Each structure stands twice: as C-alpha cells, then as structure tokens.
Amino acid sequence: MPETPLDALPDALPMAHLRLERPTEGVVLLTLDNPDMRNAMSDEMTASWVAAIDAVAADPSVRAVVVTGEGSAFCSGGNTSWIASEPDASVDQLRSRMMPFYRAWLSIRRLEVPTIAAVNGAAIGAGLCLALACDIRYAAAGAKLGLPFNKLGMHAGMAGTWLLPNVVGPAHARDLLLTGRVVEADEALRLGLVSRVVDRDGFLDEVLETAAGIAATAPIASRLTKIALADGGHADFESALQWEALAQPMTLATADLQEGIAAAKEKRAPEFRGR
C-alpha cells in the first residue's frame, strides 16, 4: 500500500472502528472505536490500524502519538470467535492468520516518535500487548490489565512473552502470564506495568497534555532517545557511551540546540523545528 499523507487520510482511506484526530500541534490521537465489542480487534479495525500507522509514519509533522479506546474499555483483545469456529484448522493455517495480525498491530513499534497508551479501561490479552508495544502507559483509575491467555487454553500471542518481561521484569511477567490474573491500575503501577494512574475525570485530557509536552521537545533529540531506549536499551555500559558519543554531537550540531539555549536564556518556550 502506498504511503498516504496524514491530512489526506480521512478522505483517501475511510476508517472503520478507528478514529484518527489531531488534538494539538504535533500530536495524533488514535481511538479504537468499537465500544459495543469492547474495542476488540476486528478485521476492519486491523485494516484501519495499518493504514493509520502507515500515514503517521509518513508524516514528519507528527511528534507524539496517543492510543486510547472509546467507551469503557481500552481493548479487549483479538477477535477470537473465528478461532473457536475453526476447530479443524491446522497449525499452519492458524499461524498464517496470526502472524500478519501480530505484525499489523505491533507496527506501532516502528514509529520513530514517542507513543503513549492511554489505558482508559480494560486492556486484556492482545489489547494489553498493544499497550505494551507503546513507549509509555498511563492508566485511568480502576482500569484492569492482564494476559489471561492460559485461562482460555491458549499460549500468549502478539509478542506478549517478550513485551511483558521487557516492561515489568521476568519475575512479574512469570506471575502474570502463568496465573493469567488480571490486575487493577494501582497494582499495575506497583508492578511497573504503567507509569502513572490518573483519575477518570479528565484522564484523556491529562494524557494529551503530556503528549503535547513531548511534542514540544526537540524532535531529533526525542527520536534519538527513543532509539537509545528501544528493546530494553543498550547491551552494556560501553555501548551506551559509544551511542551517546555519536548521538549527542548530532544534536549539538542542530539549529534546535541553539534555539533551546536561546530560549532558556530568554526564559521563553522554545520553538523547535527539527533542524
């Protein structure tokens, strides 16, 4: 599929079960919009998601992305009804369906800009994996999060066995994956599954305010920082030094660095251009 400019997306590619909005400069809000199904990942939503991520990736004006759900749930996971309806399907047939599904939703990981999961309600199974694929997770008070795959008789999918340990560490990951238990937002915060719990009233507004703050930072520095922290960060201390000895000079050579210093001296907000 050819890359589509973000401004042209609503006309060029109608979005089913997904809304794409630009609430503030530099910020894109993606809302999973199938509340009657608790925002389960339908085929239509999956196709819309792929188109939206392609468009966001192609738009250099985007500096932060927020993902949330419409209604009471963030995302209840994949639409497993087709699995139950195909008891005679072979492993190869099922794998040929699952792998493209995984890659479609995990495509958010290829965005170079910071991504935030605004977990407004239940994030279950593949829905939690989507949140784990984002750089930052904030939860509304009372939200429930879990990977109860084993309780459904299936192994975890959508990179859950990699994403969860990467976020909470191996001990907590074993607990959550082997028991299949679902935790509420406050425990998720203690486990490191989310970074902040926010009251439901004004939850999305607060997350969008945070995203706007990220969008206001120097975009070259922001993207390089995201790369530095990807997949658990550097392999060792020396690797970190080597990376920073290259990445920091790259930012020191930008016009944004001069703007940042000037703005600090003049006690005003900087206007970064990504140059």
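## Sheets, an aromatic pair and selected residues in a predicted model

Ala212 lies in helix α9, which covers residues 203-215. The structure described here is a predicted model, and every statement below should be read with that in mind. At 27% relative accessibility, Ala212 counts as partly exposed, because the partly exposed class lies between the 20% limit for buried and the 50% limit for exposed. When residues up to four places away in sequence are not counted, Ala212 touches Thr24 and Val27. The C-alpha atoms of Ala212 and Val27 are separated by 6.3 Å, although these two residues stand 185 residues apart along the chain.

**The six-stranded sheet**

Val27 also leads into the first of two sheets to be described, since strand β2 spans residues 27-32. Six strands form this open sheet, in the order β1-β2-β3-β5-β7-β10, and the pairing within the sheet is mixed. Strands β1 (18-21) and β10 (196-198) stand at the edges, and each has a single partner strand, so one side of each is left without a neighbour in the sheet. From one strand to the next, the twist averages 20 degrees.

Strands of a sheet pair through backbone hydrogen bonds, either parallel or antiparallel. Here, strand β2 runs parallel to strand β3 (residues 64-69), and six bridges join the two; within this pairing, the bridge partner of Leu30 is Val67 in β3. Further across the sheet, strand β5 (residues 115-119) is joined to β7 by four bridges, again with the strands running parallel, and Ile116 stands opposite Ile136 in β7. Strand β7 is in turn joined to β10 by three bridges in a parallel arrangement, where the bridge partner of Ala140 is Val198 in β10.

How much of strand β7 is covered? This strand, made up of residues 136-140, is mostly covered, with four of its five residues buried. Tyr138 takes part in a further interaction, in which the charged end of Arg196 sits over the ring of Tyr138 at 4.4 Å from the ring centre. Since β7 covers residues 136-140 and β10 covers residues 196-198, this interaction joins a residue of β7 to a residue of β10.

**The four-stranded sheet**

A further open sheet is formed by four strands in the order β4-β6-β8-β9, and here too the pairing is mixed. Its edge strands are β4 (73-75) and β9 (182-184), each of which pairs on one side only. Neighbouring strands of this sheet are turned against each other by 20 degrees on average, with direction ignored. Strand β8 (residues 144-146) pairs with β9 in the antiparallel sense over three bridges, and the bridge partner of Leu145 is Val183 in β9.

The strand pairings for which bridges have been described are collected here.

| Strand pair | Sense | Bridges |
|---|---|---|
| β2 and β3 | parallel | six bridges |
| β5 and β7 | parallel | four bridges |
| β7 and β10 | parallel | three bridges |
| β8 and β9 | antiparallel | three bridges |

**An aromatic pair between two helices**

A search of the whole structure finds one aromatic pair. This pair is formed by Trp49 and Trp105, with 4.8 Å from centre to centre and 25 degrees between the planes, and it is stacked, because planes under 30 degrees apart count as stacked. The pair links distant parts of the chain, with Trp49 in helix α2 (residues 43-57) and Trp105 in helix α4 (residues 91-106), 56 residues apart. Are these two residues buried or exposed? Both Trp49 and Trp105 are buried.

**Glu259 and two residues with positive phi**

Glu259 has its place in helix α12, which covers residues 255-266. At 18% relative accessibility, Glu259 counts as buried, because the limit for that class is under 20%. A polar atom of the Glu259 side chain lies 2.9 Å from the backbone nitrogen of Glu271. With neighbours within four places in sequence left aside, Glu259 is in contact with Arg268, Ala269, Pro270, Glu271 and Phe272.

Lys267 is found in the segment after α12, and its phi is near 55 degrees, a positive value in a residue other than glycine. At 79% relative accessibility, Lys267 counts as exposed. Phi of Asp231 is likewise near 55 degrees, again positive in a residue other than glycine; Asp231 is found in the loop between α10 (219-229) and α11 (237-252), and at 46% relative accessibility it counts as partly exposed.

Terms used
Residues numbered from 1 in each chain as written. Predicted model: local features only at pLDDT ≥ 70, side-chain atom pairs only at ≥ 80, totals over all residues. Heavy atoms only, no water. Phe/Tyr/Trp six-rings, centres within 6.5 Å; stacked < 30°, edge-to-face > 60°. Buried < 20%, exposed > 50% of the residue type's maximum accessible area, 1.4 Å probe, protein only. Lys NZ or Arg CZ within 6 Å of the ring centre and 35° of its normal. Polar contact = N/O pair within 3.5 Å; in protein donor to acceptor, adjacent residues only side chain to side chain. Contact = heavy atoms within 4.5 Å. Pairing = 2+ DSSP bridges. Axes fitted to C-alpha atoms, helices over the stretch in contact; angles between N-to-C directions.
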